[in-house]
Amino acid sequence: QVQLVESGGGLVQAGGSLRLSCAASERTFSSYAMGWFRQAPGKEREFVAAMSGSGGNTFHADSVKGRFTISRDNAKNTVYLQMNSLKPEDTAVYYCAAQRAFYSGIYYTAPAQYGYWGQGTQVTVSS
């Protein structure tokens with residue numbers, strides 16, 4: 001059972017930056033594809049970014065491309081989401097997700113593809 005704990009959320013003004021962290025309990029962390037999703041009130045959970053277990057492959061949603069960057073440190077069992085140039089529409093609860101992958105180069109973009117989720121961290125961007 002993989003446990004994920006997010007941190008780093010908070011209140012920031014538009015144009016500001018935040019870095020989210022997600023620490024995993026799994027010793028074989030590098031075997032897991034990792035993803036970030038977000039959910040605003042009244043909306044469905046939305047894909048933000050994903051990274052393969054090796055860290056060699058990443059994918060970002062068009063809405064955050066060029067502003068957000070996913071990264072990971074397998075030695076620390078942690079995945080990060082660096083968020084720059086934040087906009088009010090980025091306001092949401094952000095969740096990290098993990099799924100064991102057969103190949104180190106795979107990542108997933110759909111919520112149903114992930115078996116493990118963190119509790120979420122609130123990000124609020126004021127205008």
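Reader: Which residues touch the most other members of the largest nonpolar core?

Author: This is a predicted model, where local features need pLDDT of at least 70, side-chain atom pairs count only at pLDDT 80 or more, and totals for chains, interfaces and linings use all residues. Residues are numbered from 1 along each chain as its sequence is written, and side-chain values use heavy atoms, without hydrogens and water. A nonpolar core is a set of buried (under 20% relative accessible area, 1.4 Å probe, protein chains only) Ala, Val, Leu, Ile, Met, Phe, Trp, Tyr and Cys residues joined through side-chain atoms within 4.5 Å. Of its 36 residues, those that touch the most other members are Trp36, Leu81, Met83 and Tyr94.

Reader: How far apart in sequence are the two cysteines of the disulfide?

Author: The disulfide (cysteine sulfur atoms within 2.5 Å) joins cysteine 22 to cysteine 96, S to S 1.9 Å. Cysteine 22 is buried, because its relative accessibility is 0%. Cysteine 22 lies in strand S3 and cysteine 96 in strand S9 (strands are DSSP E runs of at least two residues, numbered from the N terminus); they are 74 residues apart.

Reader: Are the rings of phenylalanine 59 and tyrosine 107 stacked or edge-to-face?

Author: Rings of Phe, Tyr and Trp (its six-membered ring) pair if their centres lie within 6.5 Å; planes under 30 degrees apart are stacked, over 60 edge-to-face, the rest tilted. Here the centres are 6.0 Å apart and the planes at 10°, so the pair is stacked.

Reader: Which ring lies under arginine 45?

Author: A charge sits over a ring if NZ of Lys or CZ of Arg is within 6 Å of the ring centre and within 35 degrees of the ring normal. At 4.7 Å from the ring centre, arginine 45 lies over the face of tryptophan 117.

Methods
Buried < 20%, exposed > 50% of the residue type's maximum accessible area, 1.4 Å probe, protein only. Helix = DSSP H or I, 4+ residues; strand = E, 2+ residues; numbered from the N terminus.
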